[in-house]
Structures are given as structure tokens and as C-alpha cells.
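User: Please take a close look at one helix in this structure, at how it packs against a neighbouring helix, and at what follows it along the chain.

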Amino acid sequence: MKIRKLELFKVKPRWLFLKIETDEGISGWGEPIVEARQDTVKAAVEELSTYLIGKDPMRIEDHFQLLYRGGFYRGGPVLTSAISGIEQALWDIKGKFFNAPVYELLGGACREKVQVYSWIGGERPKDVVEAAKQKIEEGFKAIKMNATDVMHYIDSHVKVDQAVGRISDIREAVGYDLEIGLDFHGRVHKGMAKTLVKELEPFKPMFIEEPVLPENNEALRDIVNHTTVPIATGERLYTRWDFKKPLSDGFIDIIQPDLSHTGGILEARKIAAMAEAYDVAVAPHCPLGPICLAASLQLDACTPNVFIQEQSLGIHYNQGSDLMDYLKDPSVFKYTDGYVDIPKGPGLGIEIDEDKVRSAAEEGHNWKPPIHRLEDGSFAER
Ligand SMILES: [Mg+2]
């Protein structure tokens with residue numbers, strides 16, 4: 001079998017899909033994207049495709065080595081996201097060739113279903129109590145929200161009180177049966193992170209995510225002394241090499257590799273195995289589209305230290321289309337009592353509605369993230 005063609009589709013809300021065709025009629029889908037860098041990643045995939053045309057799609061490890069190391073310069077989100085989408089599509093092809101879901105080729109299932117969480121709260125969290133109640137009604141047992149509004153390096157305690165007030169209001173309204181992940185989104189700096197983790201702890205969050213930007217992770221050494229809440233990070237870390245230091249430093253409890261950024265399914269499986277050796281849990285990041293979620297569920301199925309999965313149904317980013325819109329059978333992602341069943345179909349276990357993708361790609365998108373500024377007019381991390 002040989003790779004014949006790579007084709008890319010920019011589709012709303014902010015996604016990029018890749019279809020890889022082979023000369024034997026089997027094709028696979030992947031999702032190579034860096035949010036708001038869709039054209040850059042598209043160009044990267046097109047550039048990498050010249051190495052792949054005419055090659056055997058089954059040699060996934062060898063293709064990863066060549067695409068990642070072959071250019072001498074390596075790493076960074078654009079290259080690793082381009083490779084991620086290619087890698088997912090190659091696994092889809094391999095699974096379809098063997099008529100098996102990808103997890104069967106990676107050791108087999110070690111669970112029947114995986115817990116999922118749902119995002120609430122948007123960029124500037126408000127009305128979170130109503131949103132939390134809504135998610136409970138939809139059957140979710142876990143949610144995640146931005147803990148704070150944008151924050152200056154050192155900011156007012158009013159903002160700390162507002163953050164405490166939001167989770168306190170949710171606890172008062174729905175109690176403690178609901179797990180709540182609090183995302184600092186890298187928008188909090190070290191000086192405020194220490195105060196916030198301490199003040200938020202009494203409300204028993206499931207975890208605190210990106211308490212500081214990943215490039216400032218040495219600050220975790222200090223921050224973890226102020227709380228017992230599990231610390232999560234990893235959506236902006238790429239390949240096993242980026243995870244090496246945070247894992248060996250020992251300040252994190254949960255890693256959140258994104259399967260469309262970190263290097264793909266097998267790369268995430270290797271990262272998860274590294275984490276397992278450090279007694280660290282895995283919660284794959286996935287505010288993206290259905291192909292990334294399908295790839296993540298394949299990892300979740302065969303990875304013992306995964307405890308929860310992010311998914312994007314109804315997320316505030318999904319303007320213009322949503323998670324299920326490009327699937328022929330949306331029931332593969334059916335959420336029941338806060339869990340989704342492990343998909344049993346071959347490859348990634350989903351069937352993409354290609355006609356719908358093609359017609360959506362005619363319109364395309366030019367998604368840009370919101371830019372936030374602080375009261376003094378300076379740039380704010382979002
Ligand atoms: Mg996050």
C-alpha cells in the first residue's frame with residue numbers, strides 16, 4: 001500500500017481536517033491544527049507531504065522519526081501539530097486495514113468507558129452557576145472553567161475574591177458531587193497564583209490547570225507549597241521531550257497532552273507511559289474537533305493512567321458548527337452519566353461526512369483568538 005494524496009480542509013468553527021488517501025482505496029482522517037495558525041499548519045502539512053507521497057502508510061514510527069527529526073530543526077507547535085494530524089490519519093488507515101480500532105493495535109482496551117468533562121464559563125467567566133446546572137442536567141459529572149478574568153502580574157484582591165465567589169456559588173448551588181477543574185489558562189502570574197491556589201482550595205477543585213505559563217513552570221516549585229489541589233499542565237507541551245522536565249521535577253499531578261499538538265496518538269501513548277512511571281495521571285486536552293476527540297478516545301481506551309477526557313461539545317469556541325456536525329454517526333460520542341463508551345469501529349472509530357466537510361471547506365474560516373487587554377492598556381494573557 002502506498003500513500004497517494006493528502007488533502008486539507010479548513011472548516012468552521014476553527015478546525016483543519018486532513019484526508020490521506022492510499023492506492024488501495026483505504027483513506028484516513030487527521031486533525032492537524034494550531035488554533036489561529038490554520039494556514040501555517042496547512043502549509044507545514046503540504047511541505048511534509050512531499051516526503052510521504054509514494055511511501056508505505058503502515059510505517060508510522062519511521063514516518064514520525066523522519067518528519068520530526070529529518071529537518072534537523074525540530075519541535076514547536078506548528079511542526080508537531082502538522083505531524084499529529086498526519087500521524088492520526090496514518091493510524092486511521094492502519095486500523096481500517098486490519099479492521100480493528102487503533103487501541104487494539106496499541107495493547108488493547110484497559111477500560112470500557114471514559115469519563116468526560118465539559119467546558120463552561122467562556123473567556124470571561126460569568127453565569128457559571130446556571131451553566132454548571134445545565135451540564136449536570138445533560139448528564140455530566142465534571143466540568144472545567146476559567147478560574148479568573150485576565151490578571152495583571154500583581155492584581156487586586158477583588159479579582160481573587162471574584163474567583164473564589166464563582167466556585168463558592170457553584171458549590172452552594174450544586175454541592176460537591178460535581179468535579180470542577182479550574183483553568184488558570186496561563187493568564188495568572190506567579191505572584192497571584194500562590195494566593196489563588198490557597199484561596200480556591202477549600203472549594204475542592206478537581207485540579208488547577210496551567211497555574212502559570214508552561215515556560216514559567218519552575219514557579220511550580222513554589223506554588224505547590226501553597227496547596228494540595230492536584231496541578232495539571234501540558235496542553236502547550238510538545239512531544240515526550242517537552243514533558244521530560246515537568247515529570248522529573250515532580251510538581252505536577254496530571255498531564256494534559258493534546259493529541260493534535262503533541263505529536264499524535266503514539267507520541268501521546270509514550271508520554272503517558274513516562275507519566276505512569278512518575279505516578280502522574282493523564283487527562284488529554286481536546287477543545288478541538290471530532291477527529292482529535294476520536295484519536296484521544298483511542299488513547300484513553302488503552303492507557304491505564306488516563307482518568308478523564310476533555311471534549312468540546314457546546315464549547316464557546318464552537319460558533320458556526322459543533323463537535324458532531326461532520327460525523328455520519330454522532331452516536332459514537334454519546335455521553336451517558338458523564339462517560340462516553342470506547343468506540344469499537346475500525347481505525348479512529350468514526351466516519352467523517354466527507355460531502356459536508358467539502359462543502360464547509362468552500363467557506364473555510366479565518367478564526368482569530370480574542371485579544372484581551374488589562375485596565376492599563378497592556379496586553380493580557382488569555
Ligand atoms: Mg487549558
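Analyst:
**Helix H3 and its surroundings**

In this predicted model, helix H2 (residues 60–69) and helix H3 (residues 77–97) have axes that come within 10 Å and cross at roughly 165°. Because angles over 145 degrees count as roughly antiparallel, H2 is roughly antiparallel to H3. The crossing in which H2 passes H3 is right-handed. On the H2 side the contact is made by Ile60, His63, Phe64, Leu67 and Tyr68, while H3 contributes Leu79, Thr80, Ile83, Ile86, Glu87, Leu90, Trp91 and Lys94. By residue class, this contact of H2 with H3 divides into 9 nonpolar, 2 polar and 2 charged residues.

Turning to H3 itself, its 21 residues should span 30 Å at 1.5 Å a residue, and the end C-alpha atoms are 30 Å apart, which agrees with that expectation. Of the 21 residues of H3, 17 are buried, so the helix is largely enclosed by the rest of the structure.

As for what follows, asparagine 99 lies just after H3 and takes a positive phi of about 50°. Helix H4 (residues 102–105) contains glutamate 104, a residue that counts as partly exposed because its relative accessibility is 45%, a value that falls between the limits of 20% for buried and 50% for exposed. Glutamate 104 also has a partner remote in sequence: glycine 347 is 243 residues away along the sequence, yet the two are 9.5 Å apart in space, C-alpha to C-alpha.

Note on methods:
Residues are numbered from 1 along each chain as its sequence is written. This is a predicted model: local features need pLDDT of at least 70, side-chain atom pairs count only at pLDDT 80 or more; totals for chains, interfaces and linings use all residues. Side-chain values use heavy atoms; hydrogens and water are left out. Axes are lines fitted to C-alpha atoms, for helices over the stretch in contact, and angles run from 0 to 180 degrees between N-to-C directions. Helices (H or I, at least four residues) and strands (E, at least two) are DSSP runs, numbered from the N terminus. Angles under 35 degrees count as roughly parallel, over 145 as roughly antiparallel, 65 to 115 as roughly perpendicular and the rest as oblique. A crossing is left-handed if the near helix is turned anticlockwise from the far one by less than a right angle, and right-handed if clockwise. Contact means heavy atoms within 4.5 Å. Ala, Val, Leu, Ile, Met, Phe, Trp, Tyr, Cys and Pro count as nonpolar, Asp, Glu, Lys and Arg as charged, and the others, Gly among them, as polar. The expected span of a helix is 1.5 Å times one less than its number of residues. Buried means under 20% relative accessible area, exposed over 50%, partly exposed in between (1.4 Å probe, protein chains only).
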